[in-house]
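Trainee: Could you walk me through this one? I'd like to go through the helices and a few single residues.

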Amino acid sequence: MLGLFALLALAIAAAGIGGIMALQVSQRVHEIGVRMAIGARPTEIVLMILRQGMALALAGVALGVIGAFVLTRAVKSLLFGVTPTDPATFSLVAAVLAAAAFAACYVPARRAAQVDPLRALRAE
C-alpha cells in the first residue's frame with residue numbers, strides 16, 4: 001500500500017513538472033519561433049528547454065533531500081528496518097525524481113522544437 005502511494009505521489013509530481021514546463025514553453029512560442037527563424041536547430045531548442053527545466057528540477061530535488069534529512073528526526077520512531085538517513089533510499093528517490101523530471105521536460109521540449117517559425121511569429 002505504501003508503494004502504491006509513493007507511485008501515485010511520483011505520478012502527481014511528474015504531471016506537475018510537465019504542466020509547468022508545457023506552460024513555460026507555450027509562453028515562449030514567439031521567442032522560440034524567432035530563434036528558429038534566425039537559424040537555431042531543433043536540437044538546440046530541445047537542449048535549451050531541457051537545460052532550463054532540469055536546472056529547476058535538480059534544485060528542487062536538492063532542496064527536497066536537504067529537507068528530508070532535517071525532517072527524518074521527527075519521524076525517527078516510525079521507521080523500521082532502515083536508518084533515518086539511509087543513503088541508498090535518499091539516492092534512489094533523488095534519481096527516480098530526476099528521471100521523472102527529465103521525462104516531464106522532454107515532451108514539451110520536443111514539441112517546442114517542432115514549432116513552425118512563421119506561425120509562431122504571426123501568433124503575436
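Mentor: Sure, what follows is a run of questions and answers on this predicted model.

Trainee: Which residues touch the most other members of the largest nonpolar core?

Mentor: That core has 19 residues. Two or more of them come from each of α1 (2-27), α2 (29-37), α3 (42-71) and α4 (87-113). The members touching the most others are Ile32, Ile45, Ile49 and Ala112.

Trainee: And which element gives the largest share of this core?

Mentor: Four helices give two or more residues: α1, α2, α3 and α4. The largest share is seven residues, and the element behind it is α3.

Trainee: Leaving aside neighbours within four places in sequence, what is alanine 112 in contact with?

Mentor: Ala112 is among the core members that touch the most others. It also belongs to the α4 side of the contact between α1 and α4. With the sequence neighbours within four places set aside, its partners are Val25, Ile32, Met36, Ile45 and Ile49.

Trainee: Are α3 and α4 roughly parallel or roughly antiparallel?

Mentor: Their axes are 8 Å apart, and the packing angle is about 155°. Angles over 145 degrees count as roughly antiparallel. So α3 and α4 are roughly antiparallel.

Trainee: How many nonpolar residues does the contact of α3 with α4 have?

Mentor: The crossing of these two, α3 and α4, is right-handed. By class, their contact has one charged residue, one polar, and on the nonpolar side 23.

Trainee: Now α1 and α4: roughly parallel or roughly antiparallel?

Mentor: Here the axes of α1 and α4 come within 9 Å and cross at roughly 30°. Angles under 35 degrees count as roughly parallel. Therefore α1 and α4 are roughly parallel.

Trainee: Which residues of α1 make the contact with α4?

Mentor: α1 passes α4 in a right-handed crossing. The α4 side includes Val96, Leu97 and Arg111. By class, the contact has 14 nonpolar, one polar and one charged residues. On the α1 side you'll find Leu10, Ala14, Ile17, Gly18, Met21, Ala22 and Val25.

Trainee: What about α2 and α3, and how many charged residues does their contact have?

Mentor: The axes of α2 and α3 come within 10 Å and cross at roughly 145°, and the crossing is right-handed. Glu31, Ile32, Arg35 and Met36 of α2 meet Pro42, Ile45, Met48 and Ile49 of α3. Sorted by class, that contact has six nonpolar residues, no polar ones, and the charged count is two.

Trainee: Is arginine 28 buried or exposed?

Mentor: Arg28 sits in the loop between α1 and α2. Not counting residues up to four places away in sequence, it touches Met48, Ile49 and Gln52. Its relative accessibility is 14%, and the cut-off for buried is under 20%. So arginine 28 counts as buried.

Trainee: And leucine 4, buried or exposed?

Mentor: Leucine 4 lies in helix α1. The cut-off for exposed is over 50% relative accessible area. Leucine 4 has 54%, so this residue is exposed.

Trainee: Last one: which residues does leucine 121 touch, not counting those up to four places away in sequence?

Mentor: Leucine 121 is in helix α5 (residues 117-122). At 33% relative accessibility it counts as partly exposed. Its C-alpha atom is separated by 33 Å from that of alanine 13, 108 residues apart along the chain. The residues leucine 121 touches are His30, Gly33, Val34 and Ala37.

Key:
Residues numbered from 1 in each chain as written. Predicted model: local features only at pLDDT ≥ 70, side-chain atom pairs only at ≥ 80, totals over all residues. Heavy atoms only, no water. Core = buried A, V, L, I, M, F, W, Y, C linked by side-chain atoms within 4.5 Å. Buried < 20%, exposed > 50% of the residue type's maximum accessible area, 1.4 Å probe, protein only. Contact = heavy atoms within 4.5 Å. Axes fitted to C-alpha atoms, helices over the stretch in contact; angles between N-to-C directions. Parallel < 35°, antiparallel > 145°, perpendicular 65-115°, else oblique. Left-handed = near helix turned anticlockwise from the far one by under 90°. Nonpolar A, V, L, I, M, F, W, Y, C, P; charged D, E, K, R; others polar.
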